[in-house]
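Hi everyone, thanks for making time. I'll walk you through a few packing details, so pull up the viewer and follow along.

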Amino acid sequence: MISLIVNGRPVRVDAAPDKPLLWVLREELGLLGPKYGCGVAQCGACRVLLDGQSVPSCVTPLAEAAGAAVVTVEGLGGPEDGLSALQQAWIDEQVPQCGFCQPGFLIAATALLARTPRPTDAEIDAFIDNVCRCGTYPRIRRAIHRAAAAPGQG
Amino acid sequence: MARLLSRRAALLGGAALGGTVLAAAAAGTGYLAFVDMDGPDPHIDGDRAVLNAFVALHEDGRVVIQAPRTEMGQGIHTGLAMLVAEELDIPFDGRIRVEHPVEQLPVYANAGAPLRTRPEAMRGPLMWAASRALSVLPLMNTAGSTSTMGLWVPMRRAGAAARHMLVAAAAARLGVPAGALTTAEGFVRHPATGRSIAYGALARDATAFAPPPDPALRPASAWRLIGRSQPRLDLPAKVRGEPVFGADVVLPGLLHAAIRQAPVFGAAVARLRNAAAVRARPGILDLAVIDGRGVAVVATSWWAAETAAAQLDIAWTETAADRASSATLAAALQAALGDERAHEHLREGAVEAAFGPGAAPLVKASYTVPFVAHACMEPMNATVLIREDGTAEAWCSSQSPLTMRWGVNRGAGWAGVEPASVACHVTMTGGAFGRRGELDVVAQAAFLAARHRGRPVKLMWSREEDIGRGVFRSHAAARLRAALGPDGLPAAYDALVAAQAVQQSAASRTLPFGQGGSPVGDRFTVEGLEKAYYAFPARRVRSRHVPSHLPVGVWRSNGYSFNTFFTESFIDECALAAGQDPLAYRRALLRASPRHRAVLDRVAAMAGWGRPMAPGRGRGIALEAAYESVVAQVAEVTVAADGEVRVDHVFCAADVGTVVNPDAVAAQMEGGILFGATTAMMSALTLDAGAVVESNFHDFPLQRLANAPGVTVEILPSGLPPGGAGEPGVVPVAAAIANAIHAATGRRLRALPLAVTETIGTRRTRSLLPGHAA
Ligand code: FES
Ligand code: FES
């Protein structure tokens with residue numbers, strides 16, 4: 001049994017310690033927001049916050065998350081279906097196309113704004129290296145700037 | 001769901017078919033017959049009042065719209081819902097819910113794609129009969145940028161017919177003539193008395209009224225929604241990370257499967273050396289050879305199945321292709337170009353004379369592109385359940401519920417099971433790009449489901465299976481010639497392309513019977529070669545089919561994805577030979593094509609064409625007409641002293657006809673440009689010992705935020721019916737970039753990818769011009 005906190009709730013998982021966190025979240029905890037896109041830390045579709053750091057959960061063994069706080073895209077919003085400022089900006093800028101990569105981008109952008117509340121384009125480019133096959137990059141950039149400028153942010 | 005076939009739908013299968021054909025023929029055009037309302041008669045289904053095949057209402061005012069096309073990121077569910085809402089006269093808000101229909105009805109068919117015509121342009125009894133045959137299948141697919149084109153009229157008619165029935169119900173309830181009633185914002189109103197009734201309260205009554213045969217549609221001047229950007233209905237779920245994709249399907253008792261397929265296409269499983277050891281791993285329930293060509297592992301979790309599959313030690317049979325390599329495939333292409341037995345698609349004017357001895361100055365150039373993968377973000381997957389009673393159900397992020405159904409039947413057949421029925425649930429897709437019209441993964445999942453009757457089985461390919469074992473865009477090479485007249489413009493244009501035929505390859509894998517016809521004269525292979533809008537006095541277009549052992553399939557914009565790179569690079573080469581500016585040269589060639597010229601002029605103005613640029617920077621322009629739309633782009637590049645090339649920005653002007661949801665069209669242009677720019681700069685599959693070398697995003701890289709160009713899009717106003725938007729944006733960008741590199745450096749690059757990709761660290765890349773790589 002490995003204990004961790006997922007989206008604010010303590011959970012205990014009975015899974016192999018080397019099972020990637022991605023598959024623990026998807027298969028043991030029913031959190032389907034983090035996606036499998038490559039399995040080798042290339043695409044970022046599986047990104048989650050691990051104690052506030054954006055990590056590719058496909059290569060993060062469960063053991064590494066023991067005792068840690070994990071946040072998935074499902075945990076970004078506030079209570080009662082509320083959206084985070086980034087999620088709202090994502091809708092305002094109509095960012096997603098297919099949407100499959102977007103949970104990973106939202107996690108990466110959340111981590112970015114936590115440490116750089118008003119990032120420049122160069123800081124965005126330097127921090128986020130997820131892949132979007134649909135080509136939503138221009139809108140992702142706009143949405144991050146919009147969220148950074150939103151009231152109550154930064 | 002209980003369903004009553006309407007009288008007209010019943011006619012399809014009956015003796016009256018001949019009479020209907022005659023009636024359609026007598027009417028001169030079959031247009032109304034194509035967009036009629038075949039489908040269920042109005043009825044009550046649970047708490048839904050189903051008014052027609054597209055529109056159902058709940059008593060609380062919720063409106064459920066059946067959108068018979070796959071939402072793959074292009075925003076089609078929103079666009080189709082806007083068309084219904086426009087005519088139904090409801091606000092575009094949270095009351096609207098869009099579903100992909102499960103029933104496969106003739107009225108949902110997409111006959112326009114294979115018949116290569118808009119529904120409203122279908123004329124005559126032959127076209128009518130072909131369309132009807134495709135409808136009876138029914139051919140439902142989301143392909144060829146045809147969704148808005150094909151459903152632009154039917155969805156509005158469905159909304160208008162439903163509104164008519166709601167008004168009729170209100171008239172009966174209020175005891176006033178229907179003509180005394182109006183509608184607005186989801187209410188029927190009686191202005192004389194000020195009374196109004198919400199649609200929801202009328203919905204049940206409305207099912208008692210016959211749909212009007214030919215409901216009038218609003219004039220464009222009265223549109224409230226069409227042409228005004230509406231937020232995508234699917235985005236709130238997508239930013240919350242809700243499970244909307246095939247990969248997210250979870251069902252009671254779900255089993256998971258992973259697969260390993262032959263590295264060399266055509267090879268079969270010769271021997272499984274460690275079956276017992278793999279079977280003994282924890283959580284493994286089954287090990288199965290599928291169709292001789294793959295080995296699947298079934299487990300209680302995908303992680304368990306995939307890690308077990310990674311341990312499989314499979315010996316594959318030898319094939320004739322075991323020694324094929326990129327070099328041998330490229331040599332075959334070049335040999336085909338040198339062979340004069342090409343299929344002639346088009347000949348206008350005295351082409352050969354123009355190239356005869358003593359002819360005008362000639363411009364000749366040869367170009368090539370490699371095989372590429374689709375690399376949809378959501379890996380290929382399908383979930384299939386076959387019950388003990390033989391009924392089957394499938395869930396898949398598919399572009400076609402018809403090929404899903406065929407896939408289930410085929411895969412079950414491999415296990416000796418014939419499903420009594422197949423219900424197909426089309427989920428949202430994490431990208432598709434043509435890849436998901438294939439039935440491969442559905443058939444494989446169905447085979448496994450047939451071995452585990454009563455349990456749903458979800459098969460998901462790893463990324464490595466997707467990149468290296470999938471279906472590809474063909475490689476291609478072309479030889480272009482032009483004889484320049486005294487004005488420097490081509491007096492004759494001659495294009496020959498060699499590639500592997502798409503239609504036959506795809507059809508041979510997909511159709512339940514037959515081999516898919518002849519590969520000679522493949523229409524996809526020559527898309528973008530004709531350049532009909534350029535005033536060439538003489539032109540010829542020819543193709544050669546070059547077979548290989550690789551499966552090739554449709555891929556976002558197909559032949560345009562390479563031919564427009566060839567032709568629009570070539571036009572720049574002609575302009576250079578004539579000593580003319582590439583924009584002015586194209587404008588002269590467009591003297592009889594005002595629509596194209598307007599688009600070209602617009603993008604030139606957007607980009608500030610002609611304004612001087614700093615040394616090392618360059619600007620390139622390209623144009624194409626595709627999918628009933630016209631798109632022109634200007635790319636700006638910077639080439640550094642060390643050879644690093646960056647695409648800084650792409651300007652795009654597009655005339656896509658009437659626009660339903662402008663922001664969604666702009667997003668498709670943006671996405672198309674980034675898809676095309678990645679392909680132009682870095683995408684290539686290489687072959688060694690018959691197998692694809694690349695396997696994941698480290699060696700089939702995609703642009704990321706740091707090296708993706710900025711994009712500016714303008715959509716031109718147009719009174720034409722809607723054209724396509726999903727594919728045209730991809731088309732000109734490769735040539736625009738190549739032309740910009742030439743402007744920046746004087747180097748003419750005639751092969752894609754234009755650059756060599758250098759990896760920085762683990763994930764990032766930069767692009768270097770050929771000859772500069774370390
Ligand atoms: S799935 Fe983890 S980075 Fe791609
Ligand atoms: S929105 Fe489709 S991969 Fe990013």
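Okay, let's start with a helix pair: α18(B) and α22(B) cross in a right-handed sense. Keep in mind that this is a predicted model. Helix α18 covers residues 560-577 of chain B and helix α22 covers residues 733-745 of chain B; they pack at an angle of about 35°, and their axes are 8 Å apart. Who makes the contact? On the α18(B) side you've got B:Thr564, B:Phe565, B:Glu568, B:Ser569, B:Asp572 and B:Leu576, and on the α22(B) side B:Ala734, B:Ala735, B:Ala738, B:Asn739 and B:His742. Sorted by class, that's five nonpolar, four polar and two charged residues.

Now, α22(B) has another partner, a sheet. The sheet is open, has four strands in the order β23-β24-β25-β28 (chain B), and its pairing is mixed. At the edges sit β23 (617-626) and β28 (710-715) of chain B, each pairing on one side only. Ignoring direction, neighbouring strands are turned by 15° against each other on average. And α22(B) packs on this sheet by touching β23, β24 (629-639) and β25 of chain B, with its direction at about 155° to that of β23(B). Inside the sheet, β25 (residues 645-655) of chain B runs parallel to β28(B), and six bridges join them. If you want a spot to click on, B:Phe651 is opposite B:Thr712 in β28(B).

Next, a single residue. B:Thr525 sits in the loop between α17 (502-510) and β22 (538-545) of chain B. Is B:Thr525 buried or exposed? Its relative accessible area is 3%, so it counts as buried. Its side chain makes a polar contact of 2.7 Å with the side chain of B:Asp522. Leaving out residues up to four places away in sequence, B:Thr525 touches, among others, B:Val497, B:Ser543, B:Phe562 and B:Asn563.

Over to chain A. Here we have an open sheet of five strands, ordered β2-β1-β5-β3-β4 (chain A), again with mixed pairing. Each of β2 (9-13) and β4 (53-56) of chain A has a single partner strand, so one side of each has no neighbour in the sheet. The twist from one strand to the next averages 40°. Two helices to look at: α1 (residues 21-28) of chain A packs on the sheet at about 100° to the direction of β3(A), while α3 (residues 102-115) of chain A packs on it at about 35° to that direction.

That's my tour; shout if you have questions.

Notes:
Residues are numbered from 1 along each chain as its sequence is written. Chains are lettered from A and ligands numbered from 1 in the order in which they are written. This is a predicted model: local features need pLDDT of at least 70, side-chain atom pairs count only at pLDDT 80 or more; totals for chains, interfaces and linings use all residues. Side-chain values use heavy atoms; hydrogens and water are left out. Axes are lines fitted to C-alpha atoms, for helices over the stretch in contact, and angles run from 0 to 180 degrees between N-to-C directions. A crossing is left-handed if the near helix is turned anticlockwise from the far one by less than a right angle, and right-handed if clockwise. Contact means heavy atoms within 4.5 Å. Ala, Val, Leu, Ile, Met, Phe, Trp, Tyr, Cys and Pro count as nonpolar, Asp, Glu, Lys and Arg as charged, and the others, Gly among them, as polar. Buried means under 20% relative accessible area, exposed over 50%, partly exposed in between (1.4 Å probe, protein chains only). A polar contact is a pair of N or O atoms within 3.5 Å; within protein, one must be able to donate a hydrogen and the other to accept it, and residues adjacent in sequence count only if both atoms are side-chain atoms. Two strands pair if DSSP finds at least two bridges between them.
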